[in-house]
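This briefing covers an enclosed space inside a protein and the surroundings of two ligands. Please look over the sequence and the model before reading the points.

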Amino acid sequence: MGKRYYIKTFGCQMNFNDSERIRGILRTLGYEPAERWEDADLILLNTCTIREKPDQKVLSHLGEYKKIKERNPFALIAVSGCLAQRAGWELVQKAPVIDIMFSSFNIHQLPDLINQAQAGYKAIAILDQPPEDEDRLWNFPTERDNPYCAYVTVMKGCDKNCTYCVVPVTRGRERSRSLESILEEVRRLVDDGVREIHLLGQNVTAWGRDLEGGQSFAKLLYRIAEIEGVERIRFTTGHPLDLTDEVIKAMADIPQVCNALHLPFQAGSDRILSLMERGYTKEFYLERIHRLREAVPDVALSTDVIVGFPGETDEDFEHTLDVVAIVRFEQIFSFKFSPRPGTPASEMENQVPDEVKTRRMSELLALQKSIMSDIAKSYEGTEQEVLIEEMRDTDTLIGRTTTNRWVSVRGDERLLGKIVKVKVRGSSPFNMEGEVVEVVK
Ligand code: SAH
Ligand code: SF4
Ligand code: F3S
């Protein structure tokens with residue numbers, strides 16, 4: 001029996017894409033996936049540390065996974081990702097069961113780290129800076145579950161310094177992946193049958209600024225759209241400051257760019273935005289959305305919001321509700337402010353008590369619920385283009401609209417991977433169903 005691995009991933013889509021690459025590396029080393037951690041020779045936790053909750057989850061999982069050593073004394077436990085980068089040796093001291101540790105800076109070193117650990121050493125490779133050869137990562141394949149939609153990481157790190165955020169520490173400064181390397185991966189994915197390309201970066205709209213030859217994110221979109229077989233393009237996460245007119249024009253011009261944009265605004269009050277050092281005002285954000293909607297009228301917007309940032313008053317919070325009411329997002333990801341070690345906001349005065357955060361959060365959710373049910377209703381009777389991704393039952397399949405909503409339809413496996421036109425029969429905030437009226441391609 002060959003060796004088997006089990007991976008548990010936390011955090012954002014970039015972390016999921018890192019896990020897909022880790023799985024690709026493990027495949028080249030002869031490892032097969034295990035269904036359960038109890039059967040694995042290598043257990044890997046790819047961690048997130050954006051808020052306190054994910055940190056705690058990692059420690060409790062490690063407590064459980066350490067039992068593997070009783071069953072299989074040669075089994076290895078690895079921790080990668082953002083918590084590994086932030087906490088380093090401190091984490092190993094808390095959980096000495098860790099054999100291997102690395103971060104998003106040095107995933108490509110995993111084969112060496114496994115060798116070291118198998119030789120009985122602790123293979124802890126947490127670096128201050130990404131190493132010179134980090135681009136070697138792109139030479140490894142990814143191993144994906146979804147055959148039709150693929151993530152492609154196009155940039156790493158973040159040069160913004162939002163005062164609440166650990167990402168600049170855990171992922172380093174912005175580094176754009178080269179155009180050639182990206183296009184080559186996209187061509188390979190399309191040859192493999194992928195139809196939707198989802199570009200990833202913590203600050204994806206900043207792509208190209210650090211590259212030579214006047215590159216920009218908008219130009220990248222045009223180049224990807226030229227590749228035959230790319231039917232859909234999505235990207236996450238855009239930053240309001242980098243949602244330039246050039247990007248908006250590209251979104252409107254390029255038919256494959258999906259009618260959806262995730263654009264976090266975080267807070268509505270200018271005072272709080274300034275304490276967060278987001279670099280824009282409420283008016284600026286609303287003006288960008290207005291511009292975008294002029295160019296792409298049916299675009300579906302989603303956003304992130306932080307509730308209870310230090311010093312946030314009820315009056316400040318009203319501005320957050322105001323933005324939500326004006327923009328009418330299809331989806332909101334809202335988070336209670338969580339103080340992160342080493343960030344300026346964690347030391348600011350006037351931390352907001354948890355009960356206030358909870359109260360504001362439920363106000364926000366109630367407002368969003370009513371907006372969401374109106375938006376859901378507005379889909380009824382419309383025709384939507386849907387990429388069919390998965391069988392749900394012997395006669396039911398699910399896929400996503402270009403606005404990123406899941407729809408279920410009747411049909412058989414011949415529809416898998418097809419873009420179809422669906423007449424929407426019923427739609428509620430979390431469900432949508434319809435019937436296929438035409439197979440487009
Ligand atoms: N690069 C993206 C966000 C990445 S982190 C951007 O700038 O928009 C994902 C989300 O986590 C953020 O948008 C923010 O809403 C939330 N978040 C980040 N740090 C947080 C903290 N300390 N407390 C609560 N939420 C936080
Ligand atoms: Fe964090 Fe701000 Fe960078 Fe987003 S833009 S990753 S919130 S520092
Ligand atoms: Fe978490 Fe790191 Fe992503 S902190 S949100 S996994 S960049």
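In this predicted model, the lining of the largest cavity is made up of Met14, Asn17, Asp18, Arg21, Ser104, Leu137, Trp138, Thr153, Lys156 and Arg171. The volume of this cavity is about 70 Å³. The points below describe the cavity further and then turn to ligand 2 and ligand 3.

**The cavity**
- The count of cavities of 30 Å³ or more comes to one.
- Helix H1 (residues 13-28) supplies the largest share of the lining of the largest cavity, with four residues.
- Domain 1 (4-124) and domain 2 (146-258) each contribute at least three residues to the lining of the largest cavity.
- Sorted by class, that lining holds four charged, three polar and three nonpolar residues.

**Around ligand 3**
- The surroundings of ligand 3 consist of Cys12, Asn15, Cys48, Thr49, Ile50, Cys82, Arg171 and Gln202.
- Four residues of this shell are nonpolar, three are polar and one is charged.
- Arg171 belongs to the shell around ligand 3 and also appears in the lining of the largest cavity.

**Around ligand 2**
- Cys158, Lys160, Cys162, Tyr164, Cys165, Val167, Pro168, Gln202, His239 and Arg278 surround ligand 2.
- The shell around ligand 2 comprises six nonpolar, two polar and two charged residues.
- Gln202 is listed around ligand 2 and is also one of the residues around ligand 3.

Definitions and conventions
Residues are numbered from 1 along each chain as its sequence is written. Chains are lettered from A and ligands numbered from 1 in the order in which they are written. This is a predicted model: local features need pLDDT of at least 70, side-chain atom pairs count only at pLDDT 80 or more; totals for chains, interfaces and linings use all residues. Side-chain values use heavy atoms; hydrogens and water are left out. A residue is near a molecule or strand if one of its heavy atoms lies within 4 Å of it. Ala, Val, Leu, Ile, Met, Phe, Trp, Tyr, Cys and Pro count as nonpolar, Asp, Glu, Lys and Arg as charged, and the others, Gly among them, as polar. On a 1 Å grid over the protein atoms alone, a cavity is a set of points where a 1.4 Å probe fits but cannot get out, and a pocket is an open set with protein on both sides within 12 Å along at least five of seven lines; lining residues have an atom within 4 Å of a point. Grid points are joined across faces, edges and corners, and a volume is the space filled by probe spheres set on the points. Helices (H or I, at least four residues) and strands (E, at least two) are DSSP runs, numbered from the N terminus. Domain bounds come from an automatic or database domain assignment.
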